[in-house]
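These are my notes from a first reading of the structure. I set down each item in the order in which I looked it up.

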Amino acid sequence: MIPKIEQASTKEIKAFQENKLAELLTYLNENSAYYKRVFKENNIAIDAIQTIEDLSKIPVTTKDQLQQNNDAFLCVPKSKIIDYVTTSGTLGDPVTFALTDNDLERLAYNEAISFACAGVGKEDIVQLMTTIDRRFMAGLAYFLGVRKLGAGIIRVGAGIPELQWDSILKFKPTYLIAVPSFLLKLMEYAERNEIDINASGVKGAICIGEPLREQDFSLNTLSQKIKAKWDIELFSTYASTEMNTAFTECEHQQGGHQHPELIIVEILDDKNHVVPEGEVGELTITTLGIEGMPLLRFKTGDMVKAHKETCSCGRNTMRLGPVVGRKKQMIKYKGTTLYPPAMDNILNDFNAVESYIIEISHNDIGTDEILIKIAATDPSEKLLQSIKDHFRAKLRVAPRIAFHDKKEIQKLQFPAMSRKPILVIDKRS
């Protein structure tokens, strides 16, 4: 199930996207109160935007603008809205997105071709280990995508290793959809209850929410821990509510593939210029084929690197490398620039670390401070020193680290209304 456009030449893909862009601009000019205002205030004639490069003539859309003008982005009457979802609000107030029936069809198509990209077929059974309720787009998207693909699906939801294993042993799923760190909890439960994980029939996991790889696509510490005991393939998928689109790895696992019929991608610097090839910048997206709330040049806040060489799978689509970090979560600490994922990798190196939360704040002189609260199986000064030494070896600096009760950390990780675990609390204004 590989769409023809994904195997077309880069020249053909660009021409295809520019035709889709022209359709989008016309649609926004007719239906979006927000973008009509942007075009008017900036004297933008939409017929002057002919190429992907011409997008630079249009201002970017920020998360703040989306939050402050939420309703003005809606392009359809409320009678056409079928489903309401909200963003997770990781770095601010949640934003509401309204989906029409056609948007739900597009969402299903996106996930179906994404799963197919990772090797899931009609003969497979997929176990869903994320919530499908609580206004969460991802769980709904996975269900719709698996259904459209024609595979079977088991909707277990988040958490509860005992119930997950009951379903695995009963229904024999071939793929799991899960947060990778939860796979470690499944493995621990299996070990305690003498379940042979490698006889379970699971051959792969579609992993969300946490990175699996380093920037060179080698396995990071978390993935290595999983693969050391469980002989399954791990596929990374990256998406957000704002994009209505996923970037999923193929069998070669060299980055998440773009679906050019669904999304236009720019990687921009702080001045909204396209970064030189191979450099990290902020992922900026333009959605194609959305009726309810399409976005034009939306800056996602995620810092990534694009890979444009042809993939071994035959696709000529651009691929996204692992997310380096959230732009707003960038930390300047003792002269070193850090992002939380780099700290995650270091903490995951220690089996004694059961759970943790990273707190970022400003000190009295206005510079960044980091406090990592850790729950450990055997807290000791020796373990603390070992973690700090590992930080210095890997990142050149060591943050403040303190042991805390596991229940206290879990309470911070899962606040009321949370749909996924929170590992970073940013207290900076």
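**Entry 1: the cavity.** I began with enclosed space in this predicted model. I found one cavity of 30 Å³ or more. The largest cavity holds about 40 Å³ of space. I listed its lining as F97, A98, L99, D103, N244, I290, G292 and M293. I then asked which strand gives the largest share of this lining. Strand β2, residues 96-100, does so with three residues. By class, I recorded five nonpolar residues, two polar and one charged in the lining of the largest cavity.

**Entry 2: the second largest pocket.** I turned next to open space. For the second largest pocket I noted a volume of about 670 Å³. Its lining comprises 28 residues, and those nearest the centre are Q17, I52, V265, K308 and M318. Two or more lining residues come from each of α1 (10-31) and β10 (263-268). Of the contributors, β10 gives the most, namely five residues. I sorted the lining of the second largest pocket by class and obtained eleven nonpolar, nine polar and eight charged residues.

**Entry 3: the sheet with β10.** As β10 had appeared in the pocket lining, I looked up its sheet. I found an open sheet of four strands in the order β10-β11-β12-β15, and the pairing is antiparallel. Which strands form its edges? They are β10 and β15 (325-326), each of which pairs on one side only. I noted for reference that strands of a sheet pair through backbone hydrogen bonds, either parallel or antiparallel. Within this sheet I examined one pair in detail: β11 (residues 281-287) and β12 (residues 298-304) run antiparallel and are joined by four bridges. I also recorded that E282 faces M303 of β12 as its opposite residue.

**Entry 4: T317.** Finally, I looked up a single residue. I located T317 in the loop that lies between β13 (306-307) and β14 (319-320). Is T317 buried or exposed? I entered T317 as buried, because its relative accessibility is 2%, and the cut-off for buried is under 20%. With neighbours within four places in sequence set aside, I found T317 in contact with E6, I13, H257, Q258, P260 and H307. One of these, H257, also makes a polar contact with T317, side chain to side chain, at 2.9 Å.

Terms used
Residues are numbered from 1 along each chain as its sequence is written. This is a predicted model: local features need pLDDT of at least 70, side-chain atom pairs count only at pLDDT 80 or more; totals for chains, interfaces and linings use all residues. Side-chain values use heavy atoms; hydrogens and water are left out. Buried means under 20% relative accessible area, exposed over 50%, partly exposed in between (1.4 Å probe, protein chains only). A polar contact is a pair of N or O atoms within 3.5 Å; within protein, one must be able to donate a hydrogen and the other to accept it, and residues adjacent in sequence count only if both atoms are side-chain atoms. Contact means heavy atoms within 4.5 Å. On a 1 Å grid over the protein atoms alone, a cavity is a set of points where a 1.4 Å probe fits but cannot get out, and a pocket is an open set with protein on both sides within 12 Å along at least five of seven lines; lining residues have an atom within 4 Å of a point. Grid points are joined across faces, edges and corners, and a volume is the space filled by probe spheres set on the points. Ala, Val, Leu, Ile, Met, Phe, Trp, Tyr, Cys and Pro count as nonpolar, Asp, Glu, Lys and Arg as charged, and the others, Gly among them, as polar. Two strands pair if DSSP finds at least two bridges between them.
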